[in-house]
Amino acid sequence: IKVAKAHLENWGGFMRFTCVVLLGLILALTSAVRAKTTCDEKHGKVCVEAVATSDTVTFYAENRFDLVPVTLNIDLTLRNLQLQSGDNGPFVLEGKDRIALFTLRSIQPTAWRYRYEFTFSRGDVTAQHDNGYRYRLPFEEGRAVAIGQGCNGRFSHIGYQRYAVDFVMPIGTPILAAREGRVVAVKEDANRGGPSRAFEDDGNYVMVLHNDRTIAQYFHLTQNGAEVRLGQTVQRGQLLGYSGNTGRSTGPHLHFDVVKGAVGIESETLPITFQSANGPISCPAEGTRLNASR
């Protein structure tokens, strides 16, 4: 039986939102200041606010996630407006950040118009992965675990997910930190899973931010299966929780990947190397059995 090949998709991740505004003449006549805020519809965690006067529009962004950094990108279509200050992004926001992005100013004293779309993904697009790091396999020494789907897997490890790895393991298997870092996201309240997209929001997980700004993601944990708390610093090999079969999944397993932020796609998985009992291994193939070492 082939096990699950997909993780929780669009977890506060790649979303697109559009706003069109025609305000120039109204503001000029009333001397009013208008503010309009648009947030992602799924989670309401990333918001863009446009504050307009008679001849300027200043854009702000807010990341309402507690600790997860996000990469935000804004595409603008302008009429009678030009960039006065700031830059075009992409923009990186830490958890709970609210920052000014840029200001637009009218070119002529007539009506102006803007249209914008914004997308975001979890992680920092500027992160530079430490390619020399050897990740610990995320399970106990002495346990042999098979790969259900490796890099470029046919089911779901394609495109931006191409470097993810699925480890086949029974529900309740201890999950250990593959690398030291800070816990930036925990979900453990879900109790269901299945192969359809209807279960995408039901996956439990732990996410750990590394010192190179990349994020390790451990998906499909069992209900109430996290053993760490938000903001906690964890060491390599420390118990994070217990594997499960929650979320979009066709069988018990751990989905593991390391990501950074991206523009126009979901967070980008990165190629990594594991340290196994038989030496370093990158992109283990489906069916390969691996033994952990420290």
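Two strands count as paired when DSSP finds at least two bridges between them. In this predicted model, β10 and β23 (residues 273-276) qualify: three bridges join them, and the two run parallel. One of the contacts matches Y135 with its bridge partner F274 in β23.

That pairing belongs to an open sheet of three strands, ordered β10-β23-β24, with mixed pairing. The edges are β10 (134-136) and β24 (279-282), each pairing on one side only. Neighbouring strands are turned by 45 degrees against each other on average, direction ignored.

Now turn to the charged side chains. Side chains of opposite charge can pair when their charged atoms come close. The whole structure holds twelve salt bridges.

Take D55 and R105, which meet at 2.8 Å, N to O. D55 sits in the loop between β3 (46-52) and β4 (56-63), and R105 in strand β8 (residues 98-106), so the salt bridge ties together parts 50 residues apart in sequence. D55 is partly exposed at 27% relative accessible area. R105 is partly exposed too, at 31%.

K96 and D66 form another salt bridge, with their closest N and O atoms 3.3 Å apart. K96 lies in the loop between β7 (91-93) and β8, D66 in the loop between β4 and β5 (70-79), 30 residues apart. K96 is exposed at 54%, while D66 is partly exposed at 42%.

Is the pair D212 and R179 buried or exposed? Both residues are buried. Their closest N and O atoms are 3.1 Å apart. D212 is in the β16-β17 loop and R179 in the β13-β14 loop, so this salt bridge ties together parts 33 residues apart in sequence.

Finally, E94, D124 and R213 are linked in a salt-bridge network.

Technical notes:
Residues are numbered from 1 along each chain as its sequence is written. This is a predicted model: local features need pLDDT of at least 70, side-chain atom pairs count only at pLDDT 80 or more; totals for chains, interfaces and linings use all residues. Side-chain values use heavy atoms; hydrogens and water are left out. Helices (H or I, at least four residues) and strands (E, at least two) are DSSP runs, numbered from the N terminus. Axes are lines fitted to C-alpha atoms, for helices over the stretch in contact, and angles run from 0 to 180 degrees between N-to-C directions. A salt bridge is a side-chain nitrogen of Lys or Arg within 4 Å of a carboxyl oxygen of Asp or Glu. Buried means under 20% relative accessible area, exposed over 50%, partly exposed in between (1.4 Å probe, protein chains only).
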